[in-house]
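Trainee: I would like to go through this structure with you. Can we take it question by question?

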Amino acid sequence: MPDTLTIQDNRTGKTYEIPIVDGTIRSTDLKQIKTGADDFGLMAYDPAFLNTASTRSAITDIDGDKGILRYRGYPIEQLAEHSTYLEVAYLLLHGDLPNESQLQEWETSISQHTVVHENVKQLMEGFRYDAHPMGMFISTVAAMSTFYPDAKNVRDPECRMKQIHRLIAKAPTIAAFSYRHCQGRPYNYPHNRLGYTANFLAMMFKMTDNPYEPHQVLARALDILFILHADHEQNCSTNAMRAIGSSEADPYSALAGAAAALYGPLHGGANEAVLNMLQEIGHVKNVPGFIEEVKAGKRKLMGFGHRIYKNYDPRAKIIKRTADEVFAVTGRNPLLDIAIELEKIALNEEYFVKRKLYPNVDFYSGLIYEAMGLPMSIFPVLFAIPRAAGWLAQWSEMLQDSEQKIARPRQIYTGSDVRDYVPLGKRK
Ligand code: SDX
């Protein structure tokens, strides 16, 4: 049987053969289906892209029904166990795991780009004392475009890679500065002799000249969380990164836009919303009542559900395991009992089972961050730091894809028909 779709347009009786490639048809192949010469032709209508592929990509592969997530073909479970965030960032950006010299060169280069221009500190001083760190992160990353005007040469591979090094290296610094600002504490400069996550924790928590060595279990746990958050194919914020990048805007402006999309409570802001929800529930005995409110449509169970995963998010499983290792060091987070009770009830309730709602990456991550002494307001920033590698890999892939051009969807117009201007004095 041929890989085609035969479409009969019952308005005209005409039939059309539409090729099927990689399980898709091209929307532009529908344009030929017209009722007459002045007909624009058929379009596909898909609000929120529920069933629309916007690109070909070789970076991340998800099977939502089987709960599978692979970066460049490597299962997330193996990467979380054996790799590091920087090695995974290299994999996402270059397509293969680095050899020893490549990894050494990559880690050294990142460690040498961690400092930001002193003007960035002055810029951040302008925020209110209680500014939300994610708002500061988004604004400051956007402002970085004014420090590197050469970043506009997005078609130059070397220029792209230089900005990628800068953004991956400076994201933790900007994040830590944002946190220290809203704590009213002096900023800590990067400690390049430390690893990526250990350096971030030191910039977050080091006080005065007291030596600060992050606990290795906590630094490793954060590294695993960064691996799990590094990319997730065409999610909302990656779609924003690609759309902004498609106009050839510089990567700082594009990444700030992606981080802005991530900030929403339905996306990367969910980890903060989960903690607020658990604190509001307050005790295991209140869980059944809360579940009833969710089933009545009055509340969402934050940290549950996913557009792609209709099975357990594989990242949530790994995070739940990592939580035990963290709590062994920090002491058990009492909110964990509420989270476990929520999950236990939800996974057996018809409302959730019917809708295939399972814990996602955000359900347990906040419990680990809080146990590590990280405040809720920094949680979305902790998502943005590692996702920078994914956003930049997707951005770079988009710019090299000959099928891509400036993103500009069509619409179905539902507004007024043509009408004449009414002078002010004649309006009702
Ligand atoms: C991330 O896309 C990605 O890959 C994102 C991400 C990544 O790595 O980039 O994985 C990160 O964003 C994870 C998701 C974090 N967000 C949350 O935890 C917020 C709570 N979740 C929901 O808002 C929701 O599940 C979404 C936004 C995640 C997915 O929404 P969809 O796919 O648009 O599904 P939907 O809203 O149409 O829900 C289908 C049904 C609805 O019920 P009915 O109208 O059919 O009766 O399920 C219900 C929804 O009301 N539902 C929920 C629910 N999620 C969906 N009901 C209660 N609680 C929830 N959490």
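Trainee: Which residue puts a polar backbone atom 2.9 Å from a nitrogen atom of the ligand?
Mentor: Keep in mind that this is a predicted model. The ligand atom here is a nitrogen, and its partner belongs to the backbone. The residue is Phe304.

Trainee: Which residue has a polar side-chain atom 2.9 Å from an oxygen atom of the ligand?
Mentor: Set Tyr351 aside, since its polar side-chain atom lies 3.0 Å from a nitrogen atom of the ligand. For the ligand oxygen, look to a histidine side chain. The residue is His267.

Trainee: How much of the ligand's accessible area does the protein cover?
Mentor: Start from the ligand on its own, which has 1,000 Å² of accessible area. The protein's share of cover is 73%.

Trainee: How do the residues of the shell around the ligand divide into nonpolar, polar and charged?
Mentor: The ligand has 23 residues around it. Coming nearest are His232, His306, Arg307, Arg315 and Arg387. By class, the shell holds 10 nonpolar, seven polar and six charged residues.

Trainee: Which domains each give at least three residues to that shell?
Mentor: One spans 79–263 + 378–395, and the other spans 270–371. They are domain 1 and domain 2.

Trainee: How many bridges join strand 1 to strand 2?
Mentor: Strand 1 covers residues 4–9 and strand 2 covers residues 14–19, running antiparallel. Thr4 stands opposite Pro19, and Leu5 has Ile18 as its bridge partner. The number of bridges is six.

Trainee: Which residue in the turn of that hairpin has a positive phi?
Mentor: Four residues lie between strand 1 and strand 2. In that turn, one glycine has a phi of about 80°. The residue is Gly13.

Trainee: In the open sheet of three strands, which strands stand at the edges?
Mentor: The order is 3-4-5, with antiparallel pairing. An edge strand has a single partner strand, so one side is left without a neighbour in the sheet. The edges are strand 3 (60–63) and strand 5 (74–75).

Trainee: What is the bridge partner of Tyr71 in strand 5?
Mentor: Strand 4 is residues 68–71. Strand 4 pairs with strand 5 over two antiparallel bridges. The partner of Tyr71 is Tyr74.

Trainee: How far apart in sequence are the parts tied together by Arg56 and Glu403?
Mentor: The whole structure has 21 salt bridges, and the side chains of Arg56 and Glu403 meet in a salt bridge at 3.4 Å, N to O. Arg56 lies in the loop between strand 2 and strand 3, and Glu403 in the segment after helix 17 (379–399), so the pair ties together parts separated in sequence by 347 residues.

Conventions
Residues numbered from 1 in each chain as written. Predicted model: local features only at pLDDT ≥ 70, side-chain atom pairs only at ≥ 80, totals over all residues. Heavy atoms only, no water. Pairing = 2+ DSSP bridges. Near = heavy atom within 4 Å. Polar contact = N/O pair within 3.5 Å; in protein donor to acceptor, adjacent residues only side chain to side chain. Areas by Shrake-Rupley, 256 points an atom, 1.4 Å probe, with all protein chains shown as cover. Nonpolar A, V, L, I, M, F, W, Y, C, P; charged D, E, K, R; others polar. Domains from an automatic or database assignment. Salt bridge = Lys/Arg side-chain N within 4 Å of Asp/Glu carboxyl O.
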